[in-house]
Amino acid sequence: MPDDAQLLRQVGRGDETAFRELVDRHARYLYGIAYSLTQNAADAEDVVQETFVGVLKSKFREESSVRTWLVQILVRQAALLRRTRSRKITQTTLDEPSGGLGKAVEGSAVGGSDAKLDLAVMLEKLSPEHRQVIVLREIEGMTYDEIARALNVPRGTIESRLFRARAELRERFKGYLQRG
Amino acid sequence: MNCDKATQIQSYLDNEMDAAQKQVLEAHLAQCAECSSLLEELRGLSAMIARAPKPEMRSGAMNRYYDAFNAARDRAVLRITSWLTAVAAGLLIGAILTWPAEEPSTTAPKSARSGTWEQFAVMPPPADTQGENGAQLVQVAQWMANDLSLGGGERR
């Protein structure tokens, strides 16, 4: 069975079967990241589809694993979608009551510390940059270097973003963390 | 956080330290309650995120991704077509701009095109154009009328 890099070479030669194999291997994983980043099933599907279109338009330089490269394309597509959306979203979104950015969520208010919080709820208040690093580190288990490559920012930036994102989550969910 | 080692706790949690760094930090953790507490909180946060239900893909999503292959090919064809159209339009505009300008009247006699009506009037018509003489004289008369009405007198 060909590895991911071999599959990509076959895809580059126009092999549709190899492309389908690549989709089978990575689509679910990519969808998980896309959903966490976009917080929306339809947008997540769009982002994953555009990621696979991106695979056909870009060249894999074997500087990282194929998976990291795919995540890199996906993060770019998600950012592109976010920019497109933010142009369309009117000021009303900004005027909506936020429910208190940075406000702590009490465990008891949503079912106690044993209740599983929906990931979307957990990440919804984070900035896109903070959400990216939390998703890639905590959910996908990528190393700092892999995240830095995927987002094309220095490793130090990843560390500080991650630190601030975690501080924000700790503050927001301290009710859960103290009971857990 | 007051402890200056607090920022290193994250690297320890994420397994981003080498063995020597780990050893130093573990010795610190054994005597710093603040850092130990932070490490526990961060571990709790990671566990909470890991427990969170992961989204499931909707049915039909895989087919959309398979279709990306054709979508990319169609977009490539469209891009090439647009590019070729742009090139063709550019060539057409270039040809229009550089094409030699045509003479204002194609019916004027050759001998008159390079001169004025006065020259034409005093020159005898060529022998082989006797049959056309009448039509040429009418044409010359029209030029004279036009020339004079447009300020031909000023030239004198």
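Trainee: Which residues is Glu138(A) in contact with, leaving aside its neighbours within four places in sequence?

Mentor: In this predicted model, Glu138(A) touches Val133(A) and Arg166(A), plus Ser46(B) and Ile49(B). Glu138(A) itself sits in helix H7 of chain A, residues 128-139.

Trainee: Why is Glu138(A) called buried?

Mentor: Its relative accessible area is 14%, and buried means under 20%. So Glu138(A) makes the cut.

Trainee: What makes the link between the side chains of Glu138(A) and Arg166(A) a polar contact?

Mentor: The distance is 2.9 Å, and the limit for such a pair of N or O atoms is within 3.5 Å.

Trainee: How do you know that Glu62(A) and Arg9(A) form a salt bridge?

Mentor: Their side chains meet at 2.8 Å, N to O, and the rule asks for within 4 Å. The pair links distant parts of the chain, 53 residues apart: Glu62(A) is in the loop between H3 and helix H4, while Arg9(A) is in helix H1.

Trainee: And why is Arg9(A) called partly exposed?

Mentor: Arg9(A) has a relative accessible area of 42%. Buried is under 20% and exposed is over 50%, with partly exposed in between, so Arg9(A) gets the middle label.

Trainee: What about Arg25(A) and Glu21(A), what makes them a salt bridge?

Mentor: That one is 3.0 Å, N to O, again within 4 Å. Both residues lie in helix H2 of chain A, 4 residues apart, about one turn of the helix. Arg25(A) is partly exposed at 23% relative accessibility, and Glu21(A) is partly exposed at 26%.

Trainee: Which chains does the salt bridge of Glu41(B) and Arg170(A) cross between?

Mentor: Those side chains meet at 2.9 Å, N to O. The pair runs from helix H3 of chain B, home of Glu41(B), to helix H9 of chain A, where Arg170(A) lies.

Trainee: Why do Glu41(B) and Arg170(A) get their burial labels?

Mentor: Glu41(B) is at 29%, so it counts as partly exposed. Arg170(A) is at 15%, and because buried means under 20%, that is its label.

Trainee: How many salt bridges are there over all chains?

Mentor: The count comes to 15. There is also a network of salt bridges linking Glu45(A), Asp46(A), Arg58(B) and Arg64(B).

Trainee: Which helix gives the most to the lining of the second largest pocket?

Mentor: H1(A) does, with 5 residues. The pocket has a volume of about 320 Å³, and its lining has 9 nonpolar, 3 polar and 5 charged residues.

Key. Residues numbered from 1 in each chain as written. Chains lettered and ligands numbered in written order. Predicted model: local features only at pLDDT ≥ 70, side-chain atom pairs only at ≥ 80, totals over all residues. Heavy atoms only, no water. Helix = DSSP H or I, 4+ residues; strand = E, 2+ residues; numbered from the N terminus. Buried < 20%, exposed > 50% of the residue type's maximum accessible area, 1.4 Å probe, protein only. Polar contact = N/O pair within 3.5 Å; in protein donor to acceptor, adjacent residues only side chain to side chain. Contact = heavy atoms within 4.5 Å. 1 Å grid on protein atoms, 1.4 Å probe; cavity = no way out; pocket = protein on both sides within 12 Å on 5 of 7 lines; lining within 4 Å. Points joined across faces, edges and corners; volume = space filled by probe spheres on them. Nonpolar A, V, L, I, M, F, W, Y, C, P; charged D, E, K, R; others polar.
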